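Let's take a walk through this one, starting at the ligand and working outwards to the open space around it.

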Amino acid sequence: MSVLEERLAAVNAAIADAAREVGRDPGEITLEAATKTQTADTVRAAIQAGVAVCGENRVQELVQKLDAFAYDGAREVHFIGHLQTNKVRQVVGRVDLIESVDSLHLLQAVSDCAQRLGRVQDILLEVNIAGEASKSGFTPDGVFGGVEKAQELPGVRLRGIMCIPPAAQDVGGNRKFFRKTYQIYVDIISKMVDNREDLSCLSMGMSRDFADAVREGATLVRVGTGLFGPRG
Ligand SMILES: *Cc1c(COP(=O)(O)O)cnc(C)c1O
């Protein structure tokens, strides 16, 4: 087995262990490879090894890898980075899911762009769960306004929410944020009148804390260094 295959097997095993620990079916959880800074060949190797979902952070890298057909064979490609309104056109319609819709302004821009293309873009709303000044995203209260607006906009289909808590300082340190995000997710689902069945994605957990995210209900975990090693 290659190093990448070994790491992938270890991450999948850790996801399954964490799921079973809390009585969840490991099949409910999808592993997404966070492929920022990785070459097209590394992405291809990851897909070959069994990675089904790739998440890209930067628009330029996404476009380069799409143009190089780096994601061929992947089931889905997601955008997971901060998206500026003036770059929406380069992303909408080219990815299966934009996980990082972090403002009403961006929400509107994504919908407008998708509508012009005659499409409906699947999205998640990003919640700034720890209230960090350095991060964008909806506040835990404000996200409900985003949900309402998303339901009114014809160019987007809301699939769930995502969060990026602080870089974990200690083991288990982010678990409270994952729990809080799960609660918001459940609240959103309970408040949805129509399209409730569209809500199926709770994206949270990265290399250092994905097991806790799974324990707290994540359906999608985004792992970079845990699969590819430290970024250069
Ligand atoms: C880079 C990145 C990840 C993965 O981070 P690792 O710590 O390398 O696992 C997950 N989510 C987002 C939004 C990222 O930018």
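**The ligand and its surroundings**

Keep in mind that this is a predicted model. Start with the backbone: a polar backbone atom of G224 sits 2.8 Å from an oxygen atom of the ligand. Overall, the protein covers 90% of the 380 Å² of accessible area that the ligand has on its own.

Side chains join in too. N57 places a polar side-chain atom 2.8 Å from an oxygen atom of the ligand. For S207, an N or O atom in the side chain is 2.4 Å from a ligand oxygen atom.

Now pull back to the rest of the shell. Besides those three, the residues around the ligand include A34, K36, I80, I164, M206, R222 and R231. Sorted by class, that shell has 5 nonpolar, 4 polar and 3 charged residues.

So much for the contacts; what about the empty space? Rolling a probe the size of a water molecule over the atoms shows where such space is left. The space that the ligand takes turns out to be the largest pocket, with a volume of about 530 Å³. It has 27 lining residues, and the closest to its centre are K36, I164, M206, R222 and R231. The lining breaks down into 10 nonpolar, 10 polar and 7 charged residues.

There's a second largest pocket to look at as well, holding about 230 Å³ of space. Its lining is made of 14 residues, with E76, H78, L97, S200 and C201 nearest its centre. By class, the lining of this second largest pocket has 4 nonpolar, 4 polar and 6 charged residues.

Notes. Residues are numbered from 1 along each chain as its sequence is written. This is a predicted model: local features need pLDDT of at least 70, side-chain atom pairs count only at pLDDT 80 or more; totals for chains, interfaces and linings use all residues. Side-chain values use heavy atoms; hydrogens and water are left out. A residue is near a molecule or strand if one of its heavy atoms lies within 4 Å of it. A polar contact is a pair of N or O atoms within 3.5 Å; within protein, one must be able to donate a hydrogen and the other to accept it, and residues adjacent in sequence count only if both atoms are side-chain atoms. Accessible areas come from the Shrake-Rupley method with a 1.4 Å probe; for residues, only the protein chains shown count as cover. On a 1 Å grid over the protein atoms alone, a cavity is a set of points where a 1.4 Å probe fits but cannot get out, and a pocket is an open set with protein on both sides within 12 Å along at least five of seven lines; lining residues have an atom within 4 Å of a point. A molecule sits in a cavity or pocket if more than half of its atoms lie within 2 Å of its grid points. Ala, Val, Leu, Ile, Met, Phe, Trp, Tyr, Cys and Pro count as nonpolar, Asp, Glu, Lys and Arg as charged, and the others, Gly among them, as polar. Grid points are joined across faces, edges and corners, and a volume is the space filled by probe spheres set on the points.
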